[in-house]
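Open your viewer, keep the sequence panel handy, and let's take a walk together. Each stop gives you something to select and a note on what is there.

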Amino acid sequence: MMLVDRDRELELLKSALADCEGGRATSVVVEAGVGCGKSELLESFAEYAAGRGAVVLRAAGVWSTVAQPLAVLRQLAEQVRPFADPDADEGFSEVLHRLTGTAPVVVCVDDAQDADAASLQHLLRAVGRGRSARVLLVFTDAPHSSRQDPLIKTALLRQPNSLRIKLGLLSERGADALLAAREGGSREPATAARLHAITAGNPLLLRALAEESRAAGQGELGAAPGDPEPRSDPVEQWPMTGGLYGQAVLACLYRSGPEALELGHGLAVLGGSSTAALLARLLDGSPETVGQGLRALTAAGVIDGCAFRHRAAAETVLADMPPPRRTALHHKAAAELQAGGAPSSAIARHLLKAQRAVAPGELLALRSAAEEAVDADDARLAIDCLELAHDASPDETERTEITMRLALITWRTNPAAAEYRYLPDLLTAMRAGALSSAGLWTLGKLLIAHGRIEETLEVLARREAAPGSQDGTGGHEDPGGHEDPGGHEDPGGRSGSDGIHPRVASMWVRYGFPGVVFPDEGGAAVPTRGAAAGAPGHGRVPGIPLLKRSAGHLLTGGGQDWVQSAEDFLKATVLSDSTVGPVHSALKALLYADRVDEAASWCARTLDEATRRNIPGWQAVFGTLQGLIALRQGKLEDAVASTNTALEAVPERNGSVLVCGTASVLALAYTEMGRYDDAARQIEQPVPEAWFKSVHWMAHLRARGRLHLATGRLHAALSDFLGVGELASRWGIDHPMFVSWRTDAAEAWLRLGEPSQAAQLLSVYAGKEFPGHGRVRGVSLRIQAGIAAPPGRPRLLGRAIGELQLANDRLESAKALADLAEAYQKLGDPTRADLVRLRAWRIARECGAEPLCRRVAPGYRDAESPDGVLGSTGMDSDADSDADSDTKLTNAEHRVASLAAYGHMNREIADQLFITVSTVEQHLTRVYRKLGISRRQDISEKL
C-alpha cells in the first residue's frame, strides 16, 4: 500500500512500536477527517508491525442506531481464539497477557469514534498498567465527532506513553505525488492545482475527482484519445452533479453519521447564504452542535467555511435528499431569511426551489426579486418569480397586475410567448372592465410593442371613455396640441383630413414612449432604469418636452423638431424595459424623417447592447429594424442577414406577430434581389388570426404585392396594395410615412395600362410638399413621370432622383435612374440614356438588386418584363434599328460595345445577349473600325 505525504506520521507509529518491543505499553490516537487516509495509514503500519513479528489484532467501530455492546471486543476475541489454551477457560485479557510473553501485540481499532464504549473500557482494563507491558493500542478517530464518548477519548489519552497524531489533508505537492503514482505521470500544473483546490487534499475526494476528470474526456496523462499531445482538462465538464466527486462527498457525509448528513443537507439548501447561526435555526440544532459539525466537515475537506467547496457537491447532496424534506427545508430557509431581513432575491430563490409561497410577505419578496432580476438582465429568474407569485396570489387584481408584468418581461426573451400566454387574458380583463387606467396604459404599450394596432385603438377608446381620464391620450387635444371640440372620434373608423386619426400622433408618442410624463402633466421625465413600468423616474431627459408637439409636425409637415428630440432622447436614455419601446420609436422616427444613416448608427449601437446583455427579444426587435433600415439604404444582403439574425434570436416563432414583420422585410429584400422563391416562402407562411389585427399585416400585404408586381401578377398586386389602403384608413394611419400604398397601387395601375387610375391615386398628394419626407416625394415623382407624356418625364425623374438621393434611398434612386434612361431612349438620346443607365446599373449592382441590374444592362432594354410591359413603370422604348452605316453603330453593335465597356468578357457578352462568341467578335471588329480605335479600353470614351 502506497502512502503519500505521511512519512512523519508513519515514523511516529514505528517509534511507538519500538517502545512496545522494549517493554513499554503505548497507546496512539490517529485523528483525521473522513476520507483523509486514517485507515490506509493504519493498514500500512499493521503490515509493518506484522513484518516485525508482532501479533496484530484488527477491529473497526461501526456506527448503528441499535446498541451493539462489546461489538469491537468480539471482533478481537475471534482473532485471539486460536491462541487460547483449550484446557483452560481463558478470557480475552488472559490470552492477550499470555501472548505478550512471546511477541509484542498491536491492537488496531479503526473508527474508534463509532466503537461501543463497553468494548473500549474492557480493552483499556485488559492492557492496564503492569499487566501487558508489550501492547500497543492504535486507534483512529474522527475529530469533532458528535457521536464520540468524551470519557473514552480522555481515558485513551491518559494512558502511560500515550501519543496523539493529527493526520492533515494532503499538500498540493502531496496531492500531485498521489496522482502521479496513481496515473503513471504528473498532470499539468493548472489541472493539478484545480484538483487540489476542489478537494482540499482529501485523498478519497482527490481520487474520485481525478477519475471523473479523466472520464470527462481527458485520457491518460491529460491526453484525449487520438490526441498526440496532452491537453488541458475540459474544466467545464467536471465535476458534475452526481459524478464520482459528488458521490464521494456524499459518502463522507454518510460515514460521518446522521448529524453530519443533516448538516450537509442544510449547507446544500442554503448555499452561499449559509452561516452557523442560520444553519442552527434551519436544523433546529444548537450553535455548539452545528459548530462541531462544521469543524468536522472542514477537517475532511468537504466544505470551506459554511459552503461546499464545489457546487457539484451541493447539487449531488440536494439530489440525494428525499423531495419532501428538500422542499420543507427550502421553505423554512425562505422564512428564516425573511425574518433576518435578507434580500428579496435570496428569499425568492428558496421559494422557487420549494415551489411554494403562502404568506403575503413571500409574495412581496417574489415580486421584488423579479424586479431585481430584471435590473440584472436575468429575465428567466424574473419570470419564474412572477409565475410563482401569480399562482400563489389569492387576489384577482394582483394576479392581473402580475400577468401584465409577466407579459412585459417575457417579451425580453420570447415575444411569441408573451403574446400567446398573456395577451388573451389581459384583453379579456380589459373587456370585463377589470383594468384600471394605469393598467390600460400598460396594455396599450404591450399591444403597440406587438404591432396589434386594432386592439390598441380599442384600448385608447376605453381610456377616453374612462371617467375623469386626465392622461392626455383621452383628453381633447389633437397631435399638434390644438383643441378638439368633439374629442370623441371613433378610434376604429373615422380619421382626420390627412388620413390620420386625430390622436394617432399622440397615441404613437405616449404608447411608443411608455412612462413619459409630458409638460402639461407635471414635468418632463422618463423612468430611470429599474423603475416600475409606468412610474416616472427622476432623471430629466433632453428632447422629451418636444415629443408631443413634434410628433404632429412629423406627420403633417416639418420633422426637424421631432428628429432633434429623438436624437436627444437616444443620447440620454439607458435601454431598459421602460425605454425599449421609446428607443424603438425614436429610431423609426429617424428613419421616417429620412435620417437613414443616423438611424442605422443608433440602431447598431442599440442592437449591440441588447446582444451584449443577451436579451433575445430586444435583439429580435432591433435586428428586424436594422434589416428595415438596411432595406431603405439599398443594402439588400445586409437586410437579409440582419433579419435572419433577428429570427434566430427568438426561441419561438410560430404565430408571433413579430414573425409577420420580419417575414415582410425578408420578402421585400428577396424580391428586390430576384430571389422570388425565397420571397414566396416568407409570404406563404400560415397566417394566424392575430396577424390580421396587426400593423405588420399591412407590411405583409405590401411585401406580397411587391412580389406579385415583380413576377407579373399585376391584378393580385393591385388587390394587395388596395387592401393595405383599406386597413390604413380603418385604423387611422393613412399617411405615406407609415404606408406607401398609393404609390404602390399607382405603379400597379400603370403597369396594367390604366394611367388615369394611377393619376387619381396620386392626386391625393397634389399640392402637399411633405417637407422632411424626401423619399415620399421622390417615389411619387417617379410614378408621376410614368404617367406624364414622354417630353415631361426627364424633368420629373430628375426631381425624383434628387429627392431620393437626399433621402439616402439608393435602391429607389436606381429605379428612377432606370426610368430616366428609358425616357432618354424614348426621346432619341441614346448617348445620354447609356450614361444614365450605367449609373443605374452600378447602383443596382452595389445594392444586389439583380432584376434591376438586368433591366438596365446594355441590350436588355429590348427584353420584356413578365407581363409584357417594359420597365418598372410601363415606359416603353424604341425598337431596334438595324440600319447599316459605315459610321453609326447599329443597335446590336451598340449593345455589344456597351457590355464590353462595362468590362464584360466576350463569353459573358455572348451569354447575356444569347449570341455566339464568334458573333460578339464580329460586332467588336466593326465597332473598332467605326469608332476608330484599336483597344477595348477606348470603347467607353468613344461611346
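The tour starts with confidence, then visits strands, loops, a helix and some aromatic rings.

**Stop 1: colour by pLDDT.** This is a predicted model, so confidence is a good place to begin. The mean pLDDT of the protein chain is 80, and 80% of its residues reach 70 or more. Now select residues 470-550, where pLDDT stays under 50. The model has 201 contacts beyond four places in sequence for this stretch. Select residues 861-885 as well: pLDDT is below 50 there too, with 63 contacts in the model beyond near neighbours in sequence. Where pLDDT is low, the predicted coordinates should not be read in detail.

**Stop 2: strand β4.** Select residues 135-141 and show their side chains. Seven of the seven residues are buried, so the rest of the structure largely encloses β4. In a regular strand the side chains alternate between the two faces of the sheet. Here one side carries Val 135, Leu 137, Phe 139 and Asp 141, the other Leu 136, Val 138 and Thr 140, and both faces are covered.

Which strands pair with β4? Add β1, residues 26-31, which runs parallel to β4 and is joined to it by six bridges. Look for Val 30 opposite Thr 140 of β4. Then add β3, residues 105-110, which pairs with β4 in the parallel sense over five bridges. In that pairing, Val 109 stands opposite Phe 139.

**Stop 3: two aspartates with positive phi.** Most residues other than glycine have a negative phi, and most peptide bonds are trans. Select Asp 111, in the loop between β3 and α5 (117-126). Phi of Asp 111 is positive, near 55°. Next select Asp 284, in the loop between α12 (276-283) and α13 (287-299). Phi of Asp 284 is likewise near 55°, a positive value. Are these residues buried or exposed? Asp 111 has 19% relative accessibility and counts as buried, whereas Asp 284 is exposed at 64%.

**Stop 4: helix α28 and what follows.** Select residues 616-633 and put a distance label between the end C-alpha atoms. They are 25 Å apart, which agrees with the 26 Å that the 18 residues should span at 1.5 Å a residue. Of those 18 residues, 16 are buried, leaving α28 mostly covered.

Step past the helix to Gly 634, just after α28, which takes a positive phi of about 80°. Then pick Lys 635, in the loop between α28 and α29 (636-649). Lys 635 counts as partly exposed, at 40% relative accessibility. Draw a line from its C-alpha to that of Gly 848: the two are 7.3 Å apart in space but 213 residues apart in sequence.

**Stop 5: rings and charges.** The model has two aromatic pairs by the ring-centre rule. Select Phe 692 and Trp 697: the ring centres are 4.8 Å apart and the planes lie at 85°, so this pair is edge-to-face. Phe 692 is partly exposed at 37% relative accessibility, while Trp 697 is buried at 10%.

Two positively charged side chains finish the tour. Select Lys 14 and Tyr 48, where the charged end of the lysine sits over the tyrosine ring, 4.7 Å from its centre. Last, select Arg 605 and Trp 602: the arginine lies over the face of the tryptophan, 4.4 Å from the ring centre.

Technical notes: Residues numbered from 1 in each chain as written. Heavy atoms only, no water. Phe/Tyr/Trp six-rings, centres within 6.5 Å; stacked < 30°, edge-to-face > 60°. Buried < 20%, exposed > 50% of the residue type's maximum accessible area, 1.4 Å probe, protein only. Lys NZ or Arg CZ within 6 Å of the ring centre and 35° of its normal. Helix = DSSP H or I, 4+ residues; strand = E, 2+ residues; numbered from the N terminus. Expected span 1.5 Å × (residues − 1). Pairing = 2+ DSSP bridges. pLDDT = per-residue confidence, 0-100. Contact = heavy atoms within 4.5 Å.
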